[in-house]
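Q: Could you take a close look at one part of this model for me? I'm after the charged pairs, and then whatever sits around them.

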Amino acid sequence: MACDRCGELLDVVYNWDRLHVPDSLKAFEEKWTRRANPHCFSGVWRFHELLPFAPLEQCVTVGEGQTLLVPSEGVAKYTGIKPGRLYLQYEGMNPSGSFKDNGMSAAFTHARCVGATRAACASTGNTSASLALYCSVTKLMKAVIFIGSGKISYGKLSQALDFGALTVQINGDFDDAMARVKEVSRELGIYLVNSVNPFRLEGQKTIMFRVLEALRWEVPDWIVVPGGNLGNSSAFGKAFHELHQLGLIDRVPRLAVINAAGANTLYELVERQGLHWNDGSPDLERASRYYDEMDATGRRADTIASAIEINRPVNLSKCIRALEWCDGVVREVTDEQIMDAKARVGASGLGCEPASAASVAGVKSLVAEGIIAADQRVVCVLTGHQLKDPTATVAYHTTDQEQFNKVLGSRGVRRAAFANRAVAVPNNLDEIIKAIRLYG
Ligand code: F0G
């Protein structure tokens with residue numbers, strides 16, 4: 001999936017002049033009236049003309065992309081945004097419970113086009129759950145997944161196991177698993193579906209098409225997204241750049257990519273060391289030096305947001321390009337900020353996993369800094385479902401100090417500001433009624 005000469009990841013580029021693209025984005029709405037057709041029902045393939053790398057009849061769908069854009073008063077208030085101006089793009093509603101299904105439907109389609117019989121990924125959990133699901137539903141391929149030791153939440157591991165994927169747990173973290181899966185795929189000719197795969201990014205562009213659709217094709221001021229391997233941010237930048245080039249939107253939104261402070265390679269390189277796109281020649285030596293120094297000092301990513309616990313983001317260059325296209329910024333947020341933001345998201349009704357809440361914590365910081373204005377229209381992408389990592393959620397809300405310290409305390413979360421503690425009551429009717437009267 002990389003160029004033989006320069007080693008950079010491949011990119012999907014279309015010759016739009018030879019393709020049919022509707023004159024107006026409104027044309028995509030009409031497909032919803034034909035939703036009995038699986039390709040019109042799919043939140044990815046409904047936009048086929050904007051990711052036309054395979055014939056429609058070859059495109060694989062399991063019904064991905066039925067997701068929601070919802071305004072949230074509670075989260076708006078928490079972050080300092082005016083009522084009605086903050087929206088949550090809830091990707092937890094995908095079949096495997098995360099945004100990954102958008103990209104997987106596209107990568108799977110390409111895999112099918114090239115006749116692959118096995119597909120592999122390294123994963124912090126969601127990519128593997130998605131790959132396993134597509135393999136299990138379609139029976140087109142067998143899934144081989146690589147995970148690090150103790151670096152995956154049970155919610156996600158349970159999906160991969162239940163869907164029947166061959167699961168290889170190696171001694172190491174996500175970056176170690178990523179390096180190995182690349183070697184193994186090359187050696188055994190297995191199709192790789194990590195976001196080094198440019199077709200994954202094509203599918204993930206559609207998250208932004210659905211955001212625009214939900215906003216009646218109006219462009220918001222900000223898109224805020226957690227940054228791990230940087231597939232989403234890269235895909236979102238590409239989506240807006242292409243729509244702008246095609247004359248389908250008249251401006252692009254700004255992009256904010258939010259790292260966990262314990263896994264902040266992008267933040268360090270962009271905001272502290274000034275790494276920029278530089279007309280297509282970013283100083284990637286700077287990144288190499290940063291990685292060498294990381295290895296020399298034995299520093300490894302460490303955050304409660306296990307989905308984004310990544311040292312060497314594979315899409316670094318493409319993300320830097322997206323930051324250029326979208327006048328973007330990068331911020332880091334602590335685990336405590338992430339868990340508090342997650343609790344506020346949960347209290348508003350759309351539960352998410354820790355990594356997803358980085359976007360909300362990021363908005364709060366950017367509003368405090370004066371970079372996002374309170375009356376701007378902001379979309380936070382909630383990348384994964386709350387039930388993906390119940391351990392982190394329960395530890396945050398728990399009355400059990402030992403559990404709190406074990407899961408959260410060691411990650412620098414000292415105080416659960418929005419904990420909704422379970423009330424312990426003796427098994428006695430009067431006591432139970434008393435407790436409900438007291439707390440209810
Ligand atoms: N949020 C969630 C819930 C994720 O699972 C991931 C990545 C990200 C955010 C980061 O997205 O890589 O596009 O910047 N999870 C990968 C996995 C690494 O293996 O499931 P990104």
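What follows goes through the salt bridges first and then moves on to the cores, the helices and the surface.

A: Sure. Keep in mind that this is a predicted model, and everything below is computed from it. Side chains of opposite charge can pair when their charged atoms come close. That happens quite a bit here, with 28 salt bridges in the structure. Three of the pairs get a closer look below.

Start with Glu-91 and Arg-210, whose closest N and O atoms sit 3.0 Å apart. Glu-91 belongs to the loop between strand 2 (86-90) and helix 3 (100-113), while Arg-210 is part of helix 7, so this salt bridge ties together parts that are 119 residues apart in sequence. How accessible are the two partners? Glu-91 has 0% relative accessibility, so it counts as buried. Arg-210 comes out at 5%, and with the cut-off for buried being under 20% it therefore counts as buried as well.

The next pair is Asp-327 with Arg-254, a salt bridge at 3.3 Å from N to O. Asp-327 lies in the loop between helix 11 (316-325) and strand 9, and Arg-254 lies in strand 8, so the parts being tied together are 73 residues apart in sequence. Here the burial story changes: Asp-327 counts as partly exposed because its relative accessibility is 46%. Arg-254 has 27%, which means partly exposed too.

Then there's Asp-295 and Arg-312, with 2.5 Å between N and O. Asp-295 is in helix 10 (residues 284-297) and Arg-312 is in the loop between helix 10 and helix 11, 17 residues apart, so to speak a link between distant parts of the chain. Asp-295 is partly exposed, at 40% relative accessible area, and Arg-312 is partly exposed at 31%. This pair isn't on its own, either: salt bridges with shared partners join Asp-173, Asp-176, Asp-295, Arg-300 and Arg-312 into one network.

Now for the nonpolar side of things. In soluble globular proteins, nonpolar side chains tend to be buried together. In this model the largest nonpolar core has 79 residues, and the members touching the most others are Leu-25, Leu-50, Leu-131, Met-208, Ile-223 and Leu-316. Helix 7 (residues 198-214) supplies the largest share of this core, at seven residues. Helix 7 is also where Arg-210 from the first pair sits. There's a second, separate core as well, made of 34 residues, among them Ala-76, Leu-350, Leu-366 and Val-367.

Zooming in on Leu-131, what does it touch once you skip its neighbours within four places in sequence? The contacts are Met-104, Phe-108, Ala-119, Ala-120, Cys-121, Ala-143, Val-144, Ile-145 and Val-193.

Helix 12 (residues 335-347) is worth a stop. With 13 residues at 1.5 Å each, helix 12 should span 18 Å, and its end C-alpha atoms are indeed 18 Å apart. Its buried residues are Asp-335, Glu-336, Ile-338, Met-339, Asp-340, Ala-341, Lys-342, Ala-343 and Val-345. They pack against helix 2 (73-79), strand 8 (254-260), strand 9 (329-333), helix 13 (354-369), strand 10 (378-382) and helix 14 (390-397). You've met strand 8 already, as the home of Arg-254. After helix 12 comes Gly-349, with a positive phi near 110°.

Helix 5 (residues 154-162) makes a handy companion. Gly-155, Lys-156, Leu-157, Gln-159 and Ala-160 are its buried residues, and their cover includes helix 4 (126-138), strand 4 (142-148) and strand 5 (166-170). Just after helix 5 there's Gly-164, whose phi is positive at about 90°.

Over in strand 1 (residues 68-71) you'll find Pro-71, which counts as partly exposed because its relative accessibility is 47%. Beyond its neighbours within four places in sequence, Pro-71 is in contact with Leu-86 and Tyr-87.

Last stop is the surface. Val-423, Val-425, Ile-432, Ile-436, Leu-438 and Tyr-439 form a nonpolar patch there, with about 590 Å² of accessible area together. Val-423 sits in the loop between helix 15 (401-407) and helix 16 (429-439), and its 43% relative accessibility is why it counts as partly exposed.

Definitions and conventions: Residues numbered from 1 in each chain as written. Predicted model: local features only at pLDDT ≥ 70, side-chain atom pairs only at ≥ 80, totals over all residues. Heavy atoms only, no water. Patch = residues over 30% accessible without salt bridge, like charges linked within 9 Å, V, L, I, M, F, W, Y side chains within 5 Å. Areas by Shrake-Rupley, 256 points an atom, 1.4 Å probe, with all protein chains shown as cover. Salt bridge = Lys/Arg side-chain N within 4 Å of Asp/Glu carboxyl O. Helix = DSSP H or I, 4+ residues; strand = E, 2+ residues; numbered from the N terminus. Buried < 20%, exposed > 50% of the residue type's maximum accessible area, 1.4 Å probe, protein only. Core = buried A, V, L, I, M, F, W, Y, C linked by side-chain atoms within 4.5 Å. Contact = heavy atoms within 4.5 Å. Expected span 1.5 Å × (residues − 1).
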